[in-house]
Amino acid sequence: MNKDNIRNFCIIAHIDHGKSTLADRFLELTHTIEKGEMEQILDDMDLERERGITIKAHPIRMEYEYQDREYILNLIDTPGHVDFSYEVSRSIASCEGALLLIDASQGIEAQTMSNLYIAMEHNLEIIPVINKIDLKAAEVERTRSEIIELMGIPSAEIYEISAKMGTNIEGLLQAIIKDISPPISVQEQTRALIFDSIYNQYRGVIIHVRIFDGELKRGDKIQFCSTGKNFEIEDTGHFGIEMQPCEKLSTGDVGYIIAGVKEVRQAKVGDTVTLAKNPTKTPLPGFKNPKPMVYSGIYPLDKDDYNNLRDALAKFQLNDTSLIYEPETSAVLGFGFRCGFLGMLHLEIFKERLEREYGLAIISTAPSVEFKVHLNNGKEKLIDNPSQLPDPGEIEHIEEPIMDCEILVPPDYIGNIMQLAHDRRGIQKNLETIDEYRVSIHYEFPLLEILYDFYDKLKSVSRGYASFDYSFHGYRASKLKKIDILVNKEKVDAMSFIVHEDKAYTWAKSITEKLKEIIPRHLFSVPIQAADGKRVIARSTIKALRKNVTAKCYGGDITRKRKLLERQKRGKKRMRETGEVNIPQEAFLAVLKVDRS
Amino acid sequence: MQKKLALYLHFPFCTKKCNYCNFYSIPYDADLVHKYCSGLRQEIINFPYKNDYKVITIYLGGGSPSLIPFHELVSTINLIREKFYLDKEIEFTLEANPIHVSESKAENWRITGVNRISMGAQSFNDGELSKLGRLHSSTEIGIAANKIKEICCNNISLDLMYGIPGQTMKSWLNSLQKAIKLSPKHISSYCLKLEKETFLAENKAKYNFPDEELERKMYYKMISELQKKDYEQYEISNFGKKSYYSRHNTHIWEGGEYVGLGAAAHSFYKMQRIRNKSDIKSYLNKLKETNNGIDKKRKISTQEFMVDKIMLGLRLNKGISLPKFHAEFGIDLLDKFGEQINKFLKNNYLTIEDERLKFTSKALFISNSILSEFI
Ligand SMILES: Nc1nc2c(ncn2[C@@H]2O[C@H](COP(=O)(O)OP(=O)(O)OP(=O)(O)O)[C@@H](O)[C@H]2O)c(=O)[nH]1
Ligand code: SF4
Ligand SMILES: [Mg+2]
């Protein structure tokens, strides 16, 4: 295929604005799938279908005839959630154009803006599209003026569609051909960008590439620019609904290569593939690998499952290079792993997939960020597990990660947002009026303060109108301290947390109260204490269990009684014991449920 | 030698549903009662029995077996006498509701061979009785008890309840005293439990239930009060004068075999746990098809039986005989559950006396917390 007939594009949109639905319409129109065959076709994971969100981008090739010419359209569907925004940058780097898809009933969201800016930096052709015009709540005109304001473009070029009803889809498809430029090649030596790399147990690593220059075919000896390692191509192909082998991949193509690579690590996302016999001197720019921001201890619920958990993590990492982990032990939880995640959704999805795909029940500890601890002896230590914080006497000062945050909100709610930001130790940097409906406020927030329930709070103080995006800013010194939790006078290492001095008491109080609800009653009363060093700053007491008896137990009651006892026993099995107290799984996440406003 | 068997017959009809009751029972209907009793007899006739068992107790429970018409009762019991080998010293209990007790009924029961009446008194406070949805007053309990003693038998057991809405320690002690005054040979006493789909559970917001702490006090107070009057506690909720313990239930708590006949009856027979169809209609249908009323039948392993034996045996104040346990299962209980037992011995929830493992008094009201560690 002549590269002039190829169009590579992606869709930038906020979560739920309709990317997957629009992709379905494109697939139908190009007869890649037949109408009504399946929905959200690019979301493979069960979890994606169920939650209705896209986690992992999945490319697809479509064929379309326009004005008597055959075109190849490669679409890369992208996730909308900020945790997975690195997926968006991968797609952007592989495309010449992007559809900016905006839900007419929601308007532009903060995160969409930041992705749009990335696309603009990459000189992508942007086609603005207003979706869901069929909705009663659609505010097409307003959305239109927002887009014009944001991009500085004449209004005629904005497309109005309903992905759900299939309105104006054909025109949009043709716009992709007309407006997005075909790929161009700038050099002779072969260069292909790895935008994804997926482990398959039968075929080894399947490397997803976009060819910028030259071509790749079976038998070619290739080289990875970052490592200099050589491999021989066994197979090349395109992404149909399934993988379609083809003779070769040429300039402009999006496809896969299989080259006997055994580990995803060897074919790094962002790396450039070139030919060993005539390698390029200038690799493609690539993009930053995402850095984990949130850490949590992951332990098997049943201690005998440790090896299974270890194997599952290894398998998991094959396809999710953003997951990092290392062994960790806890006095109360036993042997497990410290895992790093891109964000809370990433963590949540990870846990759910572990249970679902690997059948593993786990206990996870409250998520933490990574602190930089400066010691009196001049050394510096990174701490992502609060229980490992050195003794206060050794600490010179502690730094915590700070995020750059962009909040978009209607002017009416500015006051509420400021209050919330104040509660969460936010520092306002800038306030910009976008139009009469929206202002953009730039804050610096400690990650610790926006990790847990910030998004929900933000939505509730703005009646759902505010949207939010963040990226890592840097580290900053802060007055932080560690609070330990003692259950029945014994320290539960996995429950320690790090908090700002001013909030230590409120958090401690709230957590001890929460634990009182979560931990079941025992035959003796159980004190729960929160301690700052040796000083107890908050406490609660779980009263002793005074009644647990089956008064009546005759012939017909025996099976029933046995079941009751079995239930009580099973409940205990799902708990961890410390100081003769059984602590249920949820207790280790109590920090999450604390009211921190 | 013949093995001992306890026989249970279920009669699932009541005059009116009590507010706390979730047993299967339906309003009395003469036609249906006849069909049911015929069904019961069909089940008795077809029950696979050889003379390898000796029936040591018969228990007529419900529902309200005091509602069974005389002719149905006689013909059913006659069948049993024909079919089963009955122990000469058989204990034959009938559950009676005070409102059904009349001179003629008492006479009929005596003729049928009933030698023990278990009567649902529940409370001697009329306000509490009406909250429970009982149809009798406290005076009527006394009248009924006296008729039974006069005409039927001396061996009366009374059921009492604590944890009733509005109940105070004072009214509980009063009920206990009034019960003792009637000099029953036996008293069973239960803590009211809110069962699903009962009137009380569905209207619980409207009532003021005693809290756990008060229930606990009522329980332990009862034990000491009854003790004073020579009612020996022999099981978590059961008290009897010397040689008047319930033989039927003791047999079951000791892990003995029992056969339950009738709708919703349960059996433990030849290492199987059996449950009959619970509603009358499906019970009768099942009988039509297979000559038995069985809904589910499950063989249990020795291991499971062993645990059941611990679970039931510890309910009895005399506890479990360690040598006997060893003889029966070839396992030393103290080895097998060493960790748990030692912990509870140390905390004074269990004790060993005369080579018997038993609960201490303070363990009784939280016994499930202990038993669940043996499962
Ligand atoms: N009324 C209406 N609903 C739409 C339209 N397009 C999409 N939707 C609905 O919006 C919801 C979200 O659509 P998706 O296609 O899953 O959104 P997405 O952008 O892929 O979401 P993520 O993958 O989670 O980022 C679904 O319930 C769709 O049915 C439209 O044009 N009109
Ligand atoms: S009499 Fe007994 S079986 Fe009948 S409803 Fe009352 S408590 Fe239930
Ligand atoms: Mg999607």
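Helices and strands, as named on this tour, are DSSP runs numbered from the N terminus, a helix having at least four residues and a strand at least two. With that in hand, select the loop between β4 (53-62) and α2 (70-83) of chain B, where Gly63(B) lies. The model is a predicted one, and in it the peptide bond that joins Gly62(B) to Gly63(B) is cis, with an omega of about 20 degrees.

Keep both glycines selected and add ligand 2, since Gly62(B) and Gly63(B) belong to its surroundings, together with Ser64(B). The other residues around ligand 2 to colour are Cys14(B), Lys17(B), Cys18(B), Cys21(B), Phe23(B), Ser25(B), Asn97(B) and Gly120(B). Coloured by class, this shell divides into 4 nonpolar, 6 polar and 1 charged residues.

Now widen the view to the whole of chain B, which is divided into domain 1, covering 3-253, and domain 2, covering 320-374. If you place a centre on each domain of chain B from its C-alpha atoms, the two centres are separated by 30 Å. Colouring chain B by confidence gives an average pLDDT of 96, and 100% of the residues score at least 70.

Next, select the side of chain B that touches chain A, where 28 residues of chain B are in contact with 21 residues of chain A. On chain B, the elements that contribute two or more residues to this side are the strands β8 (186-191) and β11 (257-261) and the helices α8 (212-228), α9 (247-253), α11 (302-313) and α15 (367-371). The residues on this side of chain B comprise 12 nonpolar, 8 polar and 8 charged. For the complex, the predictor gives an ipTM of 0.91 and a pTM of 0.75.

Cross over to chain A and show the open sheet of 8 antiparallel strands, which are ordered β11-β10-β16-β7-β8-β15-β12-β13. Its edge strands are β11 (230-232) and β13 (243-245) of chain A, each of which pairs on one side only. On average, and with direction ignored, neighbouring strands of this sheet are turned by 40 degrees against each other. At the β13 end, zoom in on β12 (residues 235-239) of chain A, which runs antiparallel to β13(A) and is joined to it by 3 bridges. Within that pairing, Phe239(A) has Met243(A) in β13(A) as its bridge partner.

Then move to another open sheet of chain A, in which 4 antiparallel strands follow the order β18-β19-β17-β20. Why is one side of β18 (324-330) and of β20 (362-364) of chain A left without a neighbour in the sheet? Both strands stand at the edges with a single partner strand each, so one side of each has no neighbour there. Neighbouring strands of this sheet are turned by 30 degrees against each other on average, again with direction ignored. Inside the sheet, select β17 (residues 294-300) and β19 (residues 334-341) of chain A, which run antiparallel and are joined by 5 bridges; here Tyr295(A) stands opposite Gly340(A) in β19(A).

For a last backbone detail, go to the loop between β2 (58-66) and β3 (69-77) of chain A, where Gln67(A) is found. Although Gln67(A) is not a glycine, it has a positive phi of about 45 degrees.

Finish by colouring chain A by confidence: its pLDDT averages 89, with 94% of the residues scoring at least 70. Among the elements of chain A, strand β21 (residues 371-375) has the highest mean pLDDT, 97, and helix α2 (residues 46-51) the lowest, 67. Where pLDDT is low, the predicted coordinates should not be read in detail.

How values were computed. Residues are numbered from 1 along each chain as its sequence is written. Chains are lettered from A and ligands numbered from 1 in the order in which they are written. This is a predicted model: local features need pLDDT of at least 70, side-chain atom pairs count only at pLDDT 80 or more; totals for chains, interfaces and linings use all residues. A residue is near a molecule or strand if its C-beta atom, placed from the backbone, lies within 6 Å of it. Ala, Val, Leu, Ile, Met, Phe, Trp, Tyr, Cys and Pro count as nonpolar, Asp, Glu, Lys and Arg as charged, and the others, Gly among them, as polar. Domain bounds come from an automatic or database domain assignment. Two strands pair if DSSP finds at least two bridges between them. Axes are lines fitted to C-alpha atoms, for helices over the stretch in contact, and angles run from 0 to 180 degrees between N-to-C directions. Two residues are in contact if their C-beta atoms, placed from the backbone, lie within 7 Å. pLDDT is the predictor's confidence in each residue, from 0 to 100.
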